[in-house]
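Dear colleague,

Please find the structure below, handed over for your use. A short account of what was found in it follows.

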There are 4 protein chains.
Amino acid sequence: MKMKGSSIFTYDVYAPTTVTTMLRPRRQEGQAIIQEGFTIEPPVPFSEYIDIYGNLCQRAVLPVGHVTISTEVQAQVNPLKPIPDPKPAYMLVGDLPEDVMHFILPSRYCQSDLHEINMLALEIAGNLTPGYDQVEAIRTWIHQNVRYQYGFTDASTTAFDTARSRVGVCRDFTHLAIALCRNLCIPTRMTVGYLDKLKEMDLHAWFEVFIGGDWYTFDAVQEKTEGYRIEIAHGRDAADVAMVTQYGNAALQSLHVAVDLLEN
Amino acid sequence: MKMKGSSIFTYDVYAPTTVTTMLRPRRQEGQAIIQEGFTIEPPVPFSEYIDIYGNLCQRAVLPVGHVTISTEVQAQVNPLKPIPDPKPAYMLVGDLPEDVMHFILPSRYCQSDLHEINMLALEIAGNLTPGYDQVEAIRTWIHQNVRYQYGFTDASTTAFDTARSRVGVCRDFTHLAIALCRNLCIPTRMTVGYLDKLKEMDLHAWFEVFIGGDWYTFDAVQEKTEGYRIEIAHGRDAADVAMVTQYGNAALQSLHVAVDLLEN
Amino acid sequence: MKMKGSSIFTYDVYAPTTVTTMLRPRRQEGQAIIQEGFTIEPPVPFSEYIDIYGNLCQRAVLPVGHVTISTEVQAQVNPLKPIPDPKPAYMLVGDLPEDVMHFILPSRYCQSDLHEINMLALEIAGNLTPGYDQVEAIRTWIHQNVRYQYGFTDASTTAFDTARSRVGVCRDFTHLAIALCRNLCIPTRMTVGYLDKLKEMDLHAWFEVFIGGDWYTFDAVQEKTEGYRIEIAHGRDAADVAMVTQYGNAALQSLHVAVDLLEN
Amino acid sequence: MKMKGSSIFTYDVYAPTTVTTMLRPRRQEGQAIIQEGFTIEPPVPFSEYIDIYGNLCQRAVLPVGHVTISTEVQAQVNPLKPIPDPKPAYMLVGDLPEDVMHFILPSRYCQSDLHEINMLALEIAGNLTPGYDQVEAIRTWIHQNVRYQYGFTDASTTAFDTARSRVGVCRDFTHLAIALCRNLCIPTRMTVGYLDKLKEMDLHAWFEVFIGGDWYTFDAVQEKTEGYRIEIAHGRDAADVAMVTQYGNAALQSLHVAVDLLEN
């Protein structure tokens, strides 16, 4: 499916402000990037690098005044990898590939090592077949038990907080899912990007889980994981995949996101 | 200086237990590894890999019963890199090398993004010359204001907790220092290994800071950062450099650590 | 300077043919990619990955018939890094950063270990100050002693061949320069991309040399290294940075390259 | 199987000579390193790093005089991975994992792109089932048609040379096998290390081939690939895995290698 995504961030910058951004698509299997662009207005120099997770990262110093950062991407994307039958099984920690071991560790917003997280993971998934069934039960539980609401949580809200408050947005749903899965020793990472069919158009966050020898996509915000996606970045949690991080005095005035499916 | 370190972990294992360990020395500038070994008794197979930070990691399944994991290393180590004069300066985020950007992000135990951490960082170092002076002020403040005491904190204690409780061990001192430095946008990582001159002989944790274009060693447990060290692992915080992580039912019975300086 | 490059490859494909390409710009310091695209006509799926050198690589299976691969890029590029005074010095092998060590090794088309290459390197640069002066002497010698001529060399021509024949194109000039510099233990890599001011418009190859602690650009085809460049890929030699590699039965019918400097 | 390997290099050094060495065991699946050491006599500082292939590399400046470099390793090693039935199949280039793509490229001593190599590969394996059968036919052909003889080849001998001369040592056998396999688009790498059962005790070189989704060991020197091995380094060819590279004036006086199988 050919898919298009774009986002425009508008800032009022009060003092020259360094920003790091992750706003361009990842280069990977399953999404063929046909066209993509990144512009800052007024134009300022920016530099790029590839981080430890393979994400494309940009750095710039925004000048004082009204500044927009615009990105757009057109990609040919695969449908979601179907869940095979029999369902992907749990892999013992000793059998996991080396490069996924990183994703069973606790992280800033996903405190998978806490007792409360363990209690909740066991309550939701303790009696299920290890692997896919556990992950899907966690995803469904969050979808049904956490209320989707803007404005309740902020950038410092963690999985532990959401396990208690049971309110949040896609980022919080995802953090809680990650913490619960990792508590069961299932490698899990956060992915951000574009999703078609999102009700309120925005950049989105979901999670990917390594079971049965492969990564699968899960989305706790949706009733059922579905839709075409363009991945922008993945990492341990929101600390790794912040779309814009600012070091200075600037205020985000607006964010416009558009996602379209084009002819196949 | 020729230096020797060894550690012996003794476990009672109640069910076959997978462990991952980081107990062998890093291969890097400044420490020439002359001899090193790693043995599990009774002997079981183990495998090794190199993680995202260049740490050597081991995995094994411990059998039921009494199990010891023993490691030892002999290395020729450099003295601590001296602090040049003028002192290493703060580098703007926009000027940092790509590969240190990872170490200004908040992490599991170092919530550098929290308001309370920001308040404390500004209180300690807000009026100082950015760079070395800030880091040394943070280190000194922690040494003077946090009480070194075993048993008060545990594996889930964070920098935020220690900022409040002001009690902890080397791990907690280090986490707090990392959170405070990162809050000032100074790349900081946790390092674990052997230190000579430690009063109660144990494996030790300290922090390294990227200022003036290079990494420097700081130790908040010591009155003054000093002593020869063998580095075993480094990463964002204790989540990345856990010396032994166990997935199963086993109890650590004892840990013996020895560090000796040999003839130069 | 804002700069635009594009290339269109046209193939007649006689049997389904897998191709790997390196045709998109590198993401790095010094070139800010504003817009870039990659299309295959008729459209076929392609996948992407990032290789060991940080180059973006694409893979696709070209269908039978007439196929075009088109790419274009708009970037804000820095001028060439100026050569400081005093000139960048030779670094002892023992002092080189770890990640440049790879680029003193001989490679497929740059047999820096051969006696003939050593003789020529000593003849050209043996009496000069180690470092920049040697590299510039090698560059100038090649420019003056190797005749630029299409059709004489092919994809299997090596630096050793060119040292004898003294005829070739940008690829051959570059391979010979690399072999000679590496013979003097100077880390050197091949870079391919767009250069403005090229007489016959084409994709171009040049070399980068690590002296005095940094990478500098050199071009043996030019009388004097100059012009704005967009880097597409770098590696040890043409084996690493082949713009299109085909595994199957297809014939390149035409290649059109355009490079423009836009308003600053 | 518990296995022990050691090597002692003796040099007469006429001027301070920088050396880079790869003499310590790789850290990887299938070989558990129990004990290992590296010493230079007289003692001089050395530093270590991990190269692009995960090999441990050492650097030192050898002082004038008589110098020995000694290494030893004890490891628990797995038997050779058995060849499954049905035999591991050929994978299309488009289906290969990203990280093995590097190993289908031609390299310094393995000119898999040459016409003569292609002719020979087709002659040996052109009519066979793509995959394992081709690799084993190449291995057997080399074993039967290349004469094992010391002193005929040197450090600059390539696969192309050996295809003509049909004389060489383990390094030459391996280079020819790699060039032929890569010509058939089969990812192949060179591995060096210790092999038990070698008639004249020496460090040894063999090749590993990626077929059917996994790496398998092949040895063209042996009548049948067999024996326990400790891997020290792997890479594209001998340029990447040179056990000792010297930059200066020093002469190797002797090399003693010992390999022993210990009780299981």
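What is the mean pLDDT of chain A, and what share of its residues reach 70 or more? The mean is 96, and 100% of the residues of chain A reach 70 or more; pLDDT is the predictor's confidence in each residue, from 0 to 100. For the complex, the predictor gives an ipTM of 0.95 and a pTM of 0.95.

This is a predicted model, in which local features need pLDDT of at least 70 and side-chain atom pairs count only at pLDDT 80 or more, while totals for chains, interfaces and linings use all residues. Residues are numbered from 1 along each chain as its sequence is written, and chains are lettered from A and ligands numbered from 1 in the order in which they are written.

Regarding the two copies, a turn of 180° with a shift of 0.0 Å along the axis lays chain B on chain A with an RMSD of 0.0 Å (superposed by least squares on the C-alpha atoms of residues with pLDDT of at least 70 in both). The copies are therefore related as by a two-fold rotation axis. In chain B, the C-alpha nearest the axis belongs to B:Arg108, 1.8 Å from it. Because 100% of the interface residues of chain B are also interface residues in chain A, the copies meet through the same surface.

Within chain A, the axes of helix H1 (residues 115-125) and helix H4 (residues 170-183) come within 9 Å and cross at roughly 80°. Axes are lines fitted to C-alpha atoms, for helices over the stretch in contact, with angles from 0 to 180 degrees between N-to-C directions; helices are DSSP runs (H or I, at least four residues), numbered from the N terminus. H1(A) is therefore roughly perpendicular to H4(A) (65 to 115 degrees). A:Ile117, A:Asn118, A:Leu120, A:Ala121 and A:Ile124 of H1(A) make the contact with A:Ala179, A:Leu180 and A:Asn183 of H4(A) (C-beta atoms, placed from the backbone, within 7 Å).

Yours sincerely

Methods
Two residues are in contact if their C-beta atoms, placed from the backbone, lie within 7 Å. Helices (H or I, at least four residues) and strands (E, at least two) are DSSP runs, numbered from the N terminus. Angles under 35 degrees count as roughly parallel, over 145 as roughly antiparallel, 65 to 115 as roughly perpendicular and the rest as oblique.
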